[in-house]
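Visitor: I would like to learn how to read a structure feature by feature. Could we go through one together?

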Amino acid sequence: MKLLEYEAKQIFSKYGIPVPKGVLIRAPEEVAAHLPELGDAVVLKAQVDVGGRGKAGGVLMADDATAVETARELFSREIKGVPVRSILVEERLPIEHEYYVSIAVDRSSRQPVVLFADAGGVEIENAAMADESAVRRVVVSTLLRDIPAFLMRELLGGAPKELAPIINSLYHAFQEKDAMLAEINPLVTTPRGVYAADAKLIIDDNALARQGIAVNRDLSEREREAEKHGFSYVELDGTIGVIGNGAGLTMSTLDLIEYYHGQAANFLDVGGGADQERVMHAVRLVASMPGVNVIVVNLLGGITRCDEVAKGIIAADVLPTVIVRMAGTNEEEGQRLLAEHGYRMLESMDAAVRAAMEVAS
Amino acid sequence: MIYGDRNLGVIVQNITGRQGRFHTELMNDYAREVGGRGVVAGVAPGKGGQEVHGVPVYNTVKEALREHDATASVIFVPAPAACDSVMEAAHAGIDLAVVITEHIPVHDTMKAVAYAKLHDCTVIGPNCPGFLSPGECKLGIMPAHLATRGNVGVVSRSGTLTYEVVDELTRAGIGQSTVVGIGGDPVIGQTFVDALARFEDDPQTKAVVVIGEVGGNLEEEGVRSTDLPVVAYIAGVSAPPEKRMGHAGAIIEGGEGDARSKVRRLAALGVPVASRPSEIPGLIREVL
């Protein structure tokens, strides 16, 4: 789950990383009360979870005379389609130089990787593409509490040494908050010291519980409903509903629909060992999506039993729109049940997807 | 054979849990069928002295290894404690840990994999179905009846998709040397590079099917690292960016790891890439 900037900054601040003075406001008038502590020059930043927020008009400059009006303007905007519900108002820093630092999970080395660039800011991706040496990277052993000094020297190159303790603190936050990504861009130097001018923190979904986070806000309502039943679920734009077991097989079913020039409406993996009840909820959930006129069920029984799946499909009772391919554990019993109730079954996923295409078109 | 043959002695951690119990029986059914040793002991803290399908249970891995000759462990421990179990196994001298558990926090996996490495313990998974060498041994949860013995290796990030491909291969008369699921998480013990290195050293394996998906670039790294003939299939060409397609690791991030660019890069390396699972047997015949 991706935290908003102000939440990430609160956490970074607890780890001793200096952040600009700032307040979160939910209405334009609130800004006035805070101006004395923030100073004459402020930055207003929409707290929306979209990339490229600055370029999309989500960050505005103001002074004490224009702050309320600017806040009103920002609250009235949609940033890449997302309405602005809260704004982080911060003091404007006297920036000398902008750096970039991020810590991520490196799949190849299976360890944390720290990236650092001498030129931070909005153009970092382009700079990195144009010149690979613009971004330095070091892999740290997760078994170490701190980034070793020799790696820190390699990372910083000629950049000021005063950045080192901040990067190390970021590493602590990354480790202890179960982060997939912890980023400061830009990390700025000012005459008063170093600050995290922006902050990004993505928490591992599998660690939300132990981090004390109850719900993943990144999910839509139907996605949350799906999660309640133990499904992996993603909504797409097409007309063909898809239910499968196992992420790979389900994704592969979606791809096959695209291969035959159709459009899948969703991805729904019922998970291992789904029983009658879970399958019923899955079929009903997908059938409830607007625009879905046919559902492909592609199941390979292992732990999952085909007869349970069949009972679930029958119990969902959305008959004309379901096309089934199932094989594996108890497939004969499952197929007998479905046949009794007049469901259409096909032997391969290719055949099932082709049949769904005919119904959809 | 890679990872082990019928002589492999296996323990199961959390053997008294629902999955541990169920799959211990299936693994041992398979071991009996092929004349292998199978699961010789189980571990469940606080439940030492019990038996599960005739297999004795111990409180710790160390205790189990004192009484039994085993070098591999299959881990069915729930996510919050799973990586502790990997470290316990590695510390006790286990050479190979197969982690079936899903939903393990990534930071736990990073620590467990690093710790296991210090003890020369190979980790397969987590969030994986394990491996099956037809006619020799099975560690994990793969449905063995779909597989037949042969000379094609299969290495995959996905469970059920692997069964689909194995079924296709078997029905096309193409047997498998070893089928290994390396797992769908962002951090996994055995990567494609590691598995392919083992296939390369395995005299039985003549070609390998690489089954990948969106997220990361481990497939390309693997294919670049091997001289074996490889056929690839990448799931998720229709996957939208920034959405997790079921697996924690199956996500297109920051414009990286999308299936189409993976397919392009693999094709540029001269690897035949199937556009659907049913094309895989035909492509394998061409490279064999």
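Guide: Let us begin with surface, bearing in mind that this is a predicted model. Accessible surface is counted by the kind of atom that supplies it, and for chain A it comes to about 15,600 Å², of which 51% belongs to carbon and sulfur atoms. Chain B exposes about 10,200 Å², with carbon and sulfur atoms supplying 48% of it.

Visitor: How many helices and strands are there in chain A, and is the chain spread out or compact?

Guide: Chain A contains 13 helices and 18 strands. To judge how spread out a chain is, one sets its radius of gyration beside the value that the globule rule gives for its length; for the 361 residues of chain A the rule gives 21 Å, and the radius of 26 Å is well over that, so chain A is more spread out than a compact globule. The C-alpha trace of chain A spans about 80 × 50 × 40 Å along its principal axes.

Visitor: And what does the comparison give for chain B?

Guide: Chain B has 9 helices and 14 strands. Its radius of gyration, 18 Å, is close to the 19 Å that the rule gives for 288 residues, so chain B is as compact as a globular protein of that length. Along its principal axes, the C-alpha trace of chain B spans about 55 × 40 × 30 Å.

Visitor: What share of each chain is buried?

Guide: A residue is called buried when its relative accessible area is under 20%. In chain A, buried residues make up 53% of the 361 residues, and in chain B they make up 63% of the 288 residues. One can also ask how far apart in sequence the contacting residues are: among contacts with a separation of 6 or more, residues 24 or more positions apart account for 66% in chain A and for 71% in chain B.

Visitor: How should I read the charges, and where do the centres of the two sets lie in chain A?

Guide: One counts the positive and negative side chains and then compares the centres of the two sets. Chain A has 36 positive and 53 negative side chains, with the two centres 3 Å apart. For chain B, the mean positions of the 25 positive and 34 negative charges are 3 Å apart.

Visitor: How many residues of chain A are in contact with chain B, and which residues supply much of the buried area?

Guide: An interface can be read both by its contacts and by its area. Here 41 residues of chain A are in contact with 58 residues of chain B, and the two chains bury about 4,000 Å² between them, 56% of it on carbon and sulfur atoms. A:Arg107, A:Arg110 and A:Asn206 supply 21% of the area that chain A buries against chain B, more than any other three residues.

Visitor: Could we look at a single helix, and why is helix 11 of chain A said to be largely enclosed?

Guide: Helix 11 of chain A covers residues 306-316, and 9 of its 11 residues are buried, so it is largely enclosed by the rest of the structure. The buried residues include A:Cys306, A:Asp307 and A:Glu308, as well as A:Ile313 and A:Ile314. Their cover includes helix 10 (276-287), strand 16 (294-301), strand 17 (322-328) and helix 12 (331-340) of chain A. After helix 11 comes A:Asp317, whose phi is positive, near 60°.

Visitor: Helix 10 was part of that cover; what is A:His281 in contact with?

Guide: A:His281 is found in helix 10 of chain A, and at 25% relative accessibility it counts as partly exposed. Leaving aside neighbours within four places in sequence, A:His281 is in contact with A:His229 and A:Phe231.

Visitor: Which backbone details should I look for, and where is a peptide bond cis?

Guide: Omega describes the peptide bond, and the bond from A:Asn185 to A:Pro186 is cis, with omega near 5°; A:Pro186 has its place in strand 10 (residues 179-190) of chain A. The bond from B:Gly125 to B:Pro126 is also cis, with omega near 10°, and B:Pro126 lies in the loop between strand 7 (122-124) and strand 8 (130-133) of chain B.

Visitor: Is A:Asp178, with its positive phi, buried or exposed?

Guide: A:Asp178 has a phi near 55° and lies in the loop between helix 7 (164-176) and strand 10 of chain A; at 3% relative accessibility, A:Asp178 counts as buried. B:His53, with a positive phi near 50°, counts as partly exposed at 45% relative accessibility.

Conventions: Residues are numbered from 1 along each chain as its sequence is written. Chains are lettered from A and ligands numbered from 1 in the order in which they are written. This is a predicted model: local features need pLDDT of at least 70, side-chain atom pairs count only at pLDDT 80 or more; totals for chains, interfaces and linings use all residues. Side-chain values use heavy atoms; hydrogens and water are left out. Helices (H or I, at least four residues) and strands (E, at least two) are DSSP runs, numbered from the N terminus. The radius of gyration is taken over C-alpha atoms; the globule rule is 2.2 Å times the number of residues to the power 0.38. Buried means under 20% relative accessible area, exposed over 50%, partly exposed in between (1.4 Å probe, protein chains only). Contact means heavy atoms within 4.5 Å. Accessible areas come from the Shrake-Rupley method with a 1.4 Å probe; for residues, only the protein chains shown count as cover. Lys and Arg count as positive and Asp and Glu as negative; His and the chain ends are not counted. The place of a charge is taken as NZ of Lys, CZ of Arg, CG of Asp or CD of Glu. Buried area is the accessible area (1.4 Å probe) that two parts lose on being put together, summed over both.
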